[in-house]
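Visitor: I'm new to this one. Could you take me on a close look at a single part, and then show me what surrounds that part?

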Amino acid sequence: MSEVRIIFQGDRLWLPSGSALPEVEAEFSLRLPEGHLALKVAGEQAVPEGVEALSLREAFPRMDLEAWVRAGRAYQWLEWAAGHRFCGRCATALEPGEGHGRRCPACGLAVFPSNATAIIVLISRGEGRNRELALARSPHFKPGVYSAIAGFTEPGESLEQAVHREVAEELGIRVQGLKYFGSQPWPFPNGLMVAFLAEHLAGELRPDPTELEDARWFRLDALPPLPGPLSIARWMLDAAVAEAGLETGA
Ligand SMILES: [Zn+2]
């Protein structure tokens, strides 16, 4: 496999308009587990001619999926490495440790790359064409867009407990019959999104006003604008709609 260089400047990926990226002076570089080289260039460095500096979201429609996923991985590794240069216990500079980890030469603390794990859950009720989905709107979404409920797991909590807690906190309802759907690395900046399907058990929707603008039940044949194809939220929604023999819009 030939080496790929992946260059980030802050959270911006350098995407060449031609085939090759220029040689750069990197502030920080990291050999990724699969052998590619991730480079971080200084924020004040001018973006060279023939290169565009794009956020991962902006880059998504411009790249093939494999290259985009690889760039997201590179970003997560760079962010972890750049944010773990010193010991969190005694502030000594860390040294390379076991595997991909780092170790403090003074106090022995070992640190390893980690994800912030989040759950996302698509809740439904009813059968066939009368099936409805509980979708919510965060003020951060694009106008009109509704999606499934998501939230970070807390230390000491299982994924299932996180689902039940988030659903209760954000929507005021209870669910049952959790089914694992899939997972997705979410490089904004270091997430792992774990997706579940669930059935409504009890309660009326009472969206938490500190997190959500609105939440409602939508019939599968009358869904609102949905998130883009980048996210596992959309993959779950597409699967639910396809299962009912319908199609989602753009
Ligand atoms: Zn230490």
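**A small stop between two domains**

Guide: Let's start with an open sheet of 3 strands, which run in the order 6-7-8 and pair in the antiparallel sense. Strand 6 (95-96) and strand 8 (110-111) are at the edges with a single partner strand each, so one side of each has no neighbour in the sheet. Keep in mind as we go that this is a predicted model.

Now zoom in on one pairing. Strand 6 meets strand 7, residues 102-103, through 2 bridges, again antiparallel. You can pick out one of the partners by name: E95 is matched with R103 in strand 7.

Step back along the chain from strand 6 and you reach the loop that links helix 2 to this strand, where A91 sits. Have a look at the backbone there: A91 has a phi near 70°, which is a positive value in a residue that isn't glycine.

That loop brings us to the bigger picture. The domain assignment splits the protein chain into domain 1 (5-85) and domain 2 (116-243). Taken over C-alpha atoms, the centres of domain 1 and domain 2 lie 31 Å apart.

How do domain 1 and domain 2 meet? On one side, 7 residues of domain 1 take part, and they are in contact with 9 residues of domain 2. People often describe the size of an interface by the accessible area lost when the parts come together. Here, about 800 Å² is buried between domain 1 and domain 2, and carbon and sulfur atoms give 72% of that. As for salt bridges, the rule finds 0 across the interface of domain 1 and domain 2. The count of residue pairs in polar contact between domain 1 and domain 2 is 1, with both residues at pLDDT 80 or more.

Who does the touching on the domain 1 side? Helix 1 (56-59) and helix 2 (65-82) each bring at least two residues to the side that touches domain 2. Helix 2 gives the most, with 4 residues. Sorted by class, this side of domain 1 has 4 nonpolar, 2 polar and 1 charged residues.

One last detail, further along the chain. Between strand 12 (174-186) and strand 13 (191-202) there's a loop, and P189 is found in it. The peptide bond leading from F188 to P189 is cis, its omega being near 0°.

How values were computed
Residues numbered from 1 in each chain as written. Predicted model: local features only at pLDDT ≥ 70, side-chain atom pairs only at ≥ 80, totals over all residues. Heavy atoms only, no water. Domains from an automatic or database assignment. Contact = heavy atoms within 4.5 Å. Buried area = accessible area lost by both parts, 1.4 Å probe. Salt bridge = Lys/Arg side-chain N within 4 Å of Asp/Glu carboxyl O. Polar contact = N/O pair within 3.5 Å; in protein donor to acceptor, adjacent residues only side chain to side chain. Nonpolar A, V, L, I, M, F, W, Y, C, P; charged D, E, K, R; others polar. Pairing = 2+ DSSP bridges.
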